[in-house]
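Please walk me through this protein. Short questions and short answers will do.

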Amino acid sequence: MKKVILHKGKDKAAWQLHPWVFSGAISSLSDKIEDGEVVSVFNIAQEFIAYGIFHNNSRVAVRLLEWHPDREINEQWWRSRIQNAWRQRQHLLVEGVTNTVRLVFAEADFIPGLIVDKYGEYIAIQVHAAGTEMVKTVIIDELNLLLKPKGIYERSDLKSREYEGLPDTNGLLFGELPPEFVDVVENGIHYKVNIIDGQKSGFYCDQRENRLLTAQYTHGKKVLDCFSYSGGFSLNSLQQGAAEVTSVDSSALALETLERNIIANGYDKDKQTSILADVNKQLRTFIDQERKFDVIVLDPPKYAPSRSSLEKASRAYKDLNRRGMMLLESGGLLATFSCSGAMDLDTFKQVIAWAALDAGKEIQFIRQFHQPEDHPVRASFPEGEYLKGLLVRIL
Ligand code: SAH
């Protein structure tokens, strides 16, 4: 097997089971290596560290897979990674409760750059690592053996593919094309999921628990769900008996799906209003109108795609949350989220504290939200932790 030798002092992360070797850490290669080839990685003293897949032009030159020298990276190795991931999720799928989970969460499940989501009888996959792209047929075959889905659809239209020299790839990989709206259930609530044209792979199942936890505070309350997408927080609030729900999103398709979801669940349409708008503008309008709400959800898209954008993103999070707080009465609750991996929980808390000072409000943190167990965080790969949230009480 071809060898990759790391520079002295640049091997620490690899020894500590971190799965990425950046090109700058490489001292030499034993031969010319093709993209996607399995290599063994050594330190400068020729001690074996791990096996990985190599890529010539990617920023992450080697994606490490296996630290045991006697475990070969063959077809069976990939199959067993998928089997393990599936075994860990099975208990989340309870008839009538939830039939949508993330089956594979990339590096956290030892499969670099692979995301697999189950939506009822359909599967959506996203691949953003060239090495994993090479074993896609094995992955698809194993998913078929384990889950026997009606169809597997690829939504690999991610910016990150560019860095790996991969073109956008959307299309059917197996079985039948998913219908425009696939029926899924989460927390006992029905959703129409648009796998082909929806955002990401169609649905944000990472908010499953947080939707339910937040909705528990909404009985009889006036709820404002900002960045509602297809209505995750709105629907859970209606389910818990919210008095009225206002949902704001800038995507017409998202709101159209939300309306379908309200009907699919038989909720009272008069209790919900959709507003197609930019959230910040809409919050300003509500402030001008002196509107007040009891519970506000802020679940914006990723404001900080990297560490370098953290400062700018912090200001955006602060302004957004300041506006949200201004619309809450004393005793009101703000459920606020950040899905930026670059922003850790402590920084997020600090930003929310600043927002409160600017809004002239005293607040309490009464709960923390996390990503659920089908989005695990490997201790050696803290980058996988991205979703965090706070439930804030306005005093
Ligand atoms: N809360 C949702 C997920 C939110 S994803 C759920 O539970 O499913 C982020 C959403 O923000 C997307 O639907 C996107 O259309 C919307 N969005 C992004 N920028 C926006 C903006 N400036 N104003 C309003 N909505 C925006």
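Q: How many helices and strands does the secondary structure of the protein come to?
A: This is a predicted model. Its secondary structure holds both kinds of element, helices and strands. The count is 11 helices and 20 strands.

Q: What radius of gyration does the protein have, and what would a compact globule have?
A: The chain counts 395 residues. A compact globule with 395 residues would come near 21 Å, and the value for the protein agrees with that. The C-alpha atoms fill a box of roughly 70 × 45 × 35 Å along the principal axes. For the globule the radius is near 21 Å; for the protein it is 23 Å.

Q: What percentage of the residues in the protein is buried?
A: Buried means under 20% relative accessible area. The share is taken over the 395 residues of the protein. It comes to 55%.

Q: Among contacts between residues at least 6 apart in sequence, what share joins residues at least 24 apart?
A: A contact needs heavy atoms within 4.5 Å. Of the contacts between residues at least 6 apart, those that span at least 24 make up 62%.

Q: What part of the exposed area do carbon and sulfur atoms supply?
A: The protein exposes about 17300 Å². Carbon and sulfur atoms supply 50% of that area.

Q: How far apart are the mean positions of the positive and negative charges?
A: The protein has 47 positive charges and 53 negative charges. Take the mean position of each set. The two means are separated by 4 Å.

Q: Is Arg79 buried or exposed?
A: Arg79 sits in helix H2, residues 75-89. Its relative accessibility is 11%. The cut-off for buried is under 20%. Arg79 therefore counts as buried.

Q: With which side chain does the side chain of Arg79 make a polar contact?
A: Leave aside the neighbours within four places in sequence, and Arg79 touches Val138, Asp141, Glu142 and Leu145. The polar contact asked for has a distance of 2.8 Å. The partner is the side chain of Glu75.

Q: What is the relative accessible area of Leu6?
A: Leu6 belongs to strand E1, residues 3-6. Beyond its neighbours within four places in sequence, Leu6 has contacts that include Val21, Ile26, Phe42 and Ile49. Leu6 is buried, with a relative accessible area of 0%.

Q: How far is the C-alpha atom of Leu6 from that of Asp270?
A: Along the chain, Leu6 and Asp270 are 264 residues apart. In space, their C-alpha atoms are separated by 63 Å.

Q: Is Pro167 buried or exposed?
A: Pro167 lies in the loop between helix H5 (159-163) and strand E11 (169-175). Leaving aside neighbours within four places in sequence, Pro167 is in contact with Ser156 and Arg161. Its relative accessible area is 55%, and exposed means over 50%. Pro167 is therefore exposed.

Q: What is phi of Phe110?
A: Phe110 is in the loop between strand E7 (100-105) and strand E8 (114-119). At 35% relative accessibility, Phe110 is partly exposed. Phi of Phe110 is positive, in a residue other than glycine. The angle is near 65°.

Q: Where does Glu290 lie?
A: Glu290 is not a glycine, yet has a positive phi of about 55°. Its relative accessible area is 67%, which means that Glu290 is exposed. Glu290 lies in the loop between helix H9 (279-288) and strand E17 (293-298).

Methods: Residues are numbered from 1 along each chain as its sequence is written. This is a predicted model: local features need pLDDT of at least 70, side-chain atom pairs count only at pLDDT 80 or more; totals for chains, interfaces and linings use all residues. Side-chain values use heavy atoms; hydrogens and water are left out. Helices (H or I, at least four residues) and strands (E, at least two) are DSSP runs, numbered from the N terminus. The radius of gyration is taken over C-alpha atoms; the globule rule is 2.2 Å times the number of residues to the power 0.38. Buried means under 20% relative accessible area, exposed over 50%, partly exposed in between (1.4 Å probe, protein chains only). Accessible areas come from the Shrake-Rupley method with a 1.4 Å probe; for residues, only the protein chains shown count as cover. Lys and Arg count as positive and Asp and Glu as negative; His and the chain ends are not counted. The place of a charge is taken as NZ of Lys, CZ of Arg, CG of Asp or CD of Glu. A polar contact is a pair of N or O atoms within 3.5 Å; within protein, one must be able to donate a hydrogen and the other to accept it, and residues adjacent in sequence count only if both atoms are side-chain atoms.
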